[in-house]
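Welcome! Let us learn to read a helix and a sheet together, one question at a time.

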Protein chains: 2
Amino acid sequence: MNLYFQVPASDTEKDGLRASLPNDELWFADPSNPDERDRGAFEKAEVAFGYCPPDWVTASEHLRWLQLLGVGFDGYLSLDWETLEKRIQWTNMRGVFSSSVAETCVAGILAFTRGIKTAVELCPRHAWEKDKLRTSIRSLDGARVLILGSGTIAQCTRELLLPFGCEVRLYGQRAEVADVTGLQDLDRALSESDIVCSLLPETEKTKQLLNAERLGLLPAQCLFVNAGRGSVVDEAALIEALQGGRLAGAVLDVTQTEPLPQDHPLWDCPNVILTQHSAGGSNDEIARAIRFFLKNLERYRAGQPLQNTVDWRRGY
Amino acid sequence: MNLYFQVPASDTEKDGLRASLPNDELWFADPSNPDERDRGAFEKAEVAFGYCPPDWVTASEHLRWLQLLGVGFDGYLSLDWETLEKRIQWTNMRGVFSSSVAETCVAGILAFTRGIKTAVELCPRHAWEKDKLRTSIRSLDGARVLILGSGTIAQCTRELLLPFGCEVRLYGQRAEVADVTGLQDLDRALSESDIVCSLLPETEKTKQLLNAERLGLLPAQCLFVNAGRGSVVDEAALIEALQGGRLAGAVLDVTQTEPLPQDHPLWDCPNVILTQHSAGGSNDEIARAIRFFLKNLERYRAGQPLQNTVDWRRGY
């Protein structure tokens, strides 16, 4: 079988894959800038792993299964997927990186509440500002946290925050897992939260959900975290609220444009931590992703249903 | 009764104290630089609250109870406390700020493992380094954490870390609360830890406990946290280990000299976060301390045993 890999695997990881798949034809493309030779290999592949160029996928003849390297598939939403999904199975990494994202959300929250961001910024200035620092920080005990999303990352984030004494509510569509459902309840919940953490994927329903009006509902000195998708929030309104000092800060793992352009106002916006879409990461993330892929490949060969098939209609 | 306050209370908090104690003589001294007028008030006081100058305490005639504003009392250890404790009751804030310190420890750990420190440093440079960031960070899942100390802060830190999937052990003297006791077991535990977090007070037994030899036992890329006392660690050896890249980083809430002098090498030491002895802090810390003091004052007036009396022999 011809397999096409467009993932940033190390040489050791590539060797491991070759050893695991001795009877297959493996091709390792440039993970970020695949070229014409890579395209030639892709055209022969029955199985591909990675965020392969959408137009190549549309044009492919032999491809039967595409395993994405992450959770999102916004880059493929404009394709004619109703036709494509008849020919190609699509799977993503849902759940594989949940705990990593949850850890970054908590890390970002604590970086504000415990003054870590300030401490890091004081160091190059050799500035001892103990008293100012001590009285500017706060405990998470009793903090009201609203998590937008009710999937595995949201649940994982809640589990990490509860021992701090936070009151955590999840917003989602399914009443069996979410504490807050429906836009009216969402609006009230937003106005009652010390910390709002969005983990929402990009769908027709979530795009610009946090528009200027809803951002205006957040209490003064609320902390905002976005580790879902940048398109969920009105970025200009968010920047205005941060520049005006209305919000305590923002931890943004995702932005509307990525990579963030050199001249983007978020770089210099006060009280912003930009984690640069790293939240799902860890130094063993590719190894974990490869393990997931290999298990799914066993299912594929056995003709069993694949794990983590994407739901185009839901959008995640 | 004459009461002397040497605490950074706000005007509102001072008014609150006056309202709570309408029949007493209250004096609010300069919290950091008490002057001769303050000294005059101190000499008349039966009860004092704050870190009052040690020589004033020795010379005092009327003082019967000193409530410290923090946990440590190293500044008074050189006094003739065997004589002083016959005349004066000493209490500290043990347990009152435990959760705050634990929160800062976890915040500092996550700032390294989730790349928050790097993210904060990249911002002023407008530098998008997503791929580098993603592969440099790690999950706490499975991390072996050794906490030096087995008191309330240590136990609180453990409770916060367990949901991350950490394996947490406490080092202390009492086998009923500590997982690791004795120096031989400590040495082995140090060599088996991904993260070492010291919460030890300064005592004869803890001074320089983490000498160069013990620091040498830490595995390469171990993360070190100190939110106890700076004197517990050989600072020069720690700096050498950090500058040489042997340790992944250090979160230092305490240092041997505080405030840290302008020209101290720790300011420019790679992979250090200096939280400037803020760990016990929160924007409501004085309010919390005052509530604790007022409850203890009720006990004092009723002739009941005070809470949190200091144990000079144990040193904490």
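**Reading a helix and a sheet**

Q: Before we begin, what kind of model is this?
A: This is a predicted model. With that in mind, start with the end of a helix: α12(A) is followed by A:Gly303, whose phi is positive, near 75°.

Q: What span should helix α12 of chain A have at 1.5 Å a residue?
A: The 17 residues of this helix, 285-301, should span 24 Å, and the C-alpha atoms at its ends are 24 Å apart, so the two values agree.

Q: Which residues of α12(A) are buried?
A: A general idea helps here. An α-helix has 3.6 residues a turn, so residues three or four places apart point the same way. In α12(A), the buried residues include A:Glu285, A:Ala289, A:Phe292, A:Phe293, A:Asn296 and A:Tyr300. The buried residues cover an arc of only 165° around the axis, which puts them on the same side of α12(A). The face turned away from that side carries the exposed residues A:Lys295 and A:Glu298.

Q: What do the buried residues of α12(A) pack against?
A: In chain A they pack against α1 (11-20), β3 (47-50), β4 (65-67) and β5 (89-91), together with α7 (130-136) of chain B.

Q: In what order do the strands of the open sheet in chain B run?
A: In general, strands of a sheet pair through backbone hydrogen bonds, either parallel or antiparallel. Here, 5 strands take the order β2-β1-β3-β4-β5 in chain B, with parallel pairing. At the edges are β2 (25-28) and β5 (89-91) of chain B, each pairing on one side only. From one strand to the next, the twist averages 15°.

Q: Which residue of β5(B) is the bridge partner of B:Trp65?
A: That partner is B:Gln89. Strands β4(B) and β5(B) pair in the parallel sense over 3 bridges.

Notes:
Residues numbered from 1 in each chain as written. Chains lettered and ligands numbered in written order. Predicted model: local features only at pLDDT ≥ 70, side-chain atom pairs only at ≥ 80, totals over all residues. Helix = DSSP H or I, 4+ residues; strand = E, 2+ residues; numbered from the N terminus. Expected span 1.5 Å × (residues − 1). Buried ≥ 20, exposed ≤ 12 C-beta atoms within 10 Å, placed from the backbone. Arc of directions from axis to C-beta. Contact = placed C-beta atoms within 7 Å. Pairing = 2+ DSSP bridges. Axes fitted to C-alpha atoms, helices over the stretch in contact; angles between N-to-C directions.
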